[in-house]
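User: I would like to learn how to read the features of a protein model step by step. Please start with the sheets and work towards the ligand.

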Amino acid sequence: MAWLRNALVFVFFYIVAISHSVFGRPATFAEDFKITWAESHIRQLQGGRAIQLVLDQNSGCGFASKRTYLFGRVSMKIKLIPGDSAGTVTAFYMNSNTDAVRDELDFEFLGNRTGQPYTVQTNIFAHGKGDREQRVNLWFDPAADFHTYSILWNHHHIVFYVDDMPIRVYKNSGRVPFPMSQPMGVYSTLWEADDWATRGGLEKINWSKAPFFAYYKDFDIEGCAVPGPANCASNPRNWWEATNYQALNAVEARKYRWVRINHMIYDYCNDKSRYPVAPPECRAGI
Ligand SMILES: *[C@@H]1O[C@H](CO)[C@@H](O)[C@H](O)[C@H]1NC(C)=O
Ligand SMILES: *[C@@H]1O[C@H](CO)[C@@H](O)[C@H](O)[C@H]1NC(C)=O
């Protein structure tokens, strides 16, 4: 019966490995996240499976993951502020919190007047240098329903997804700075930034519409938790390092082109006044 015992031992350790090292969609917000700013402005809903963020004239609010992660994929479903959201910013990002050599991957949702499109700004900081903004106007109303926003980060590239549409790819070509060694936390904030957010600051927040609400659910972080097993981040068997995730497949590449052609309104790569010579990562292609 040695084979049976070995099989059981194998299954046992497999389950332990799955549940303790890298995987896991938490049942509740509180399992993976903590409130970092204005406890009074974050409400837990559905027994903690969803949350509501509140912005009013007194305060915005924010939350962060309890742990940090080195490579993986983080995603959540977000329903943004409906109607007149001009001057508000909802951010969802990863950050290494290491001042001068900071790595950071940003989604920023810039509100707009009723009926005008929300803008998603993305940015990437590697080894302390950012200034890599791109902007995409969403092709749907992100306040009408929940949509999934995710960041995939592996040794090959970083991809920002809106549902199943890649809206940004940053390749690790070996010739550009790329986040490789610093674990990052997962953050979100809702705040007022009407000095720049909407039409460059021309559209101000309308406080008579406050309070403003954004909703989050289905928090999912799959990555190498730090502190955690030391060899996790370099393990090529992590699902996010698999061949399928090392580059966009043909269908994704087509979607990405569609987004860029039809919905991209700003790309630092094409901003000659800022960069007379396009930065090296801009020449990498997809
Ligand atoms: C808001 O709407 C205006 C007018 O359609 C558009 O030019 C702009 O890109 C939109 N987004 C922001 C953040 O201003
Ligand atoms: C602000 O909202 C109020 C109430 O809905 C409305 O009457 C007013 O016209 C709005 N102001 C602007 C600048 O849109």
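Analyst: The turns below go through sheets, core, backbone and ligand shell. Keep in mind that this is a predicted model.

User: Which strands form the open sheet of eight, and in what order?

Analyst: A sheet is read by listing its strands in spatial order. Here the order is E1-E4-E13-E6-E7-E8-E9-E15, and the pairing is antiparallel. Strand E1 (33-37) and strand E15 (264-267) have a single partner strand each, so one side of each is left without a neighbour in the sheet. Neighbouring strands of this sheet are turned by 15 degrees against each other on average, with direction ignored.

User: How many bridges join E6 and E7, and how many join E7 and E8?

Analyst: Bridges give the register of a pair, and a residue with its partner fixes it. E6 and E7 are paired antiparallel over seven bridges, with Phe107 in E7 as the bridge partner of Phe92. On to the next strand, E7 pairs with strand E8 (residues 119-125) over seven bridges, again in the antiparallel sense. There the partner of Leu110 is Thr119 in E8. Elsewhere in the sheet, strand E4 (residues 61-65) runs antiparallel to E13 and is joined to it by four bridges; Ala64 stands opposite Tyr187 in E13.

User: Is E7 mostly covered or mostly open?

Analyst: Burial is judged by counting C-beta neighbours, with 20 or more within 10 Å taken as buried. Five of the seven residues of E7 are buried, and the strand is mostly covered. As background, side chains in a regular strand alternate between the two faces of the sheet.

User: What is the strand order in the sheet of seven?

Analyst: This open sheet is also read from edge to edge: E2-E3-E14-E5-E10-E11-E12, with antiparallel pairing. Its edge strands are strand E2 (42-45) and strand E12 (165-171), each of which pairs on one side only. The twist averages 20 degrees from one strand to the next.

User: Which strands does E14 pair with in this sheet, and over how many bridges?

Analyst: Take one neighbour at a time. Strand E3 (residues 50-55) is joined to E14 by six bridges and runs antiparallel to E14; Val54 stands opposite Phe213. Strand E5 (residues 68-79) pairs with E14 over 10 bridges, also in the antiparallel sense, and Thr68 faces Val226 across that pair. E5 is in turn joined to strand E10 (residues 147-153) by seven antiparallel bridges, where Lys77 has Thr148 as its bridge partner.

User: Which residues touch the most other members of the largest nonpolar core?

Analyst: The general idea is that in soluble globular proteins nonpolar side chains tend to be buried together. In this model the largest nonpolar core has 57 residues, and Ile151 and Ile158 touch the most other members. E14 supplies the largest share of this core, seven residues. Leaving out residues up to four places away in sequence, Ile151 touches Arg73, Val74, Met94, Leu105, Ile158 and Phe160.

User: Where are the cis peptide bonds?

Analyst: Look for an omega of about 0 degrees. One such bond joins Ala210 and Pro211, and another joins Val226 and Pro227. Pro211 lies in the loop between strand E13 (185-192) and strand E14 (212-226). Pro227 is in the loop between E14 and helix H3 (250-263).

User: What is the phi of Asn97, and what is the phi of Asp99?

Analyst: The sign of phi is what to check in a residue other than glycine. Asn97 has a positive phi of about 55 degrees, and the phi of Asp99 is near 20 degrees, also positive. Asn97 sits in the loop between strand E6 (88-95) and strand E7 (104-110), and Asp99 is found in the loop between E6 and E7 as well.

User: Why does Asn97 count as partly exposed, and why does Asp99 count as exposed?

Analyst: Use the neighbour count again, where 12 or fewer means exposed. Asn97 counts as partly exposed because it has 14 C-beta neighbours inside 10 Å. Asp99 counts as exposed because it has 7 inside 10 Å.

User: Which residues are around ligand 1?

Analyst: List the shell, then sort it by class. The residues around ligand 1 are Leu110, Asn112, Gln116, Pro117, Thr119, Asn137, Ala197, Thr198, Arg199 and Ile265. By class, the shell holds four nonpolar, five polar and one charged residues. Two of the names, Leu110 and Thr119, have come up before: they are the bridge partners between E7 and E8.

How values were computed
Residues numbered from 1 in each chain as written. Chains lettered and ligands numbered in written order. Predicted model: local features only at pLDDT ≥ 70, side-chain atom pairs only at ≥ 80, totals over all residues. Near = placed C-beta within 6 Å. Nonpolar A, V, L, I, M, F, W, Y, C, P; charged D, E, K, R; others polar. Pairing = 2+ DSSP bridges. Core = buried A, V, L, I, M, F, W, Y, C linked by C-beta atoms within 7 Å. Contact = placed C-beta atoms within 7 Å. Axes fitted to C-alpha atoms, helices over the stretch in contact; angles between N-to-C directions.
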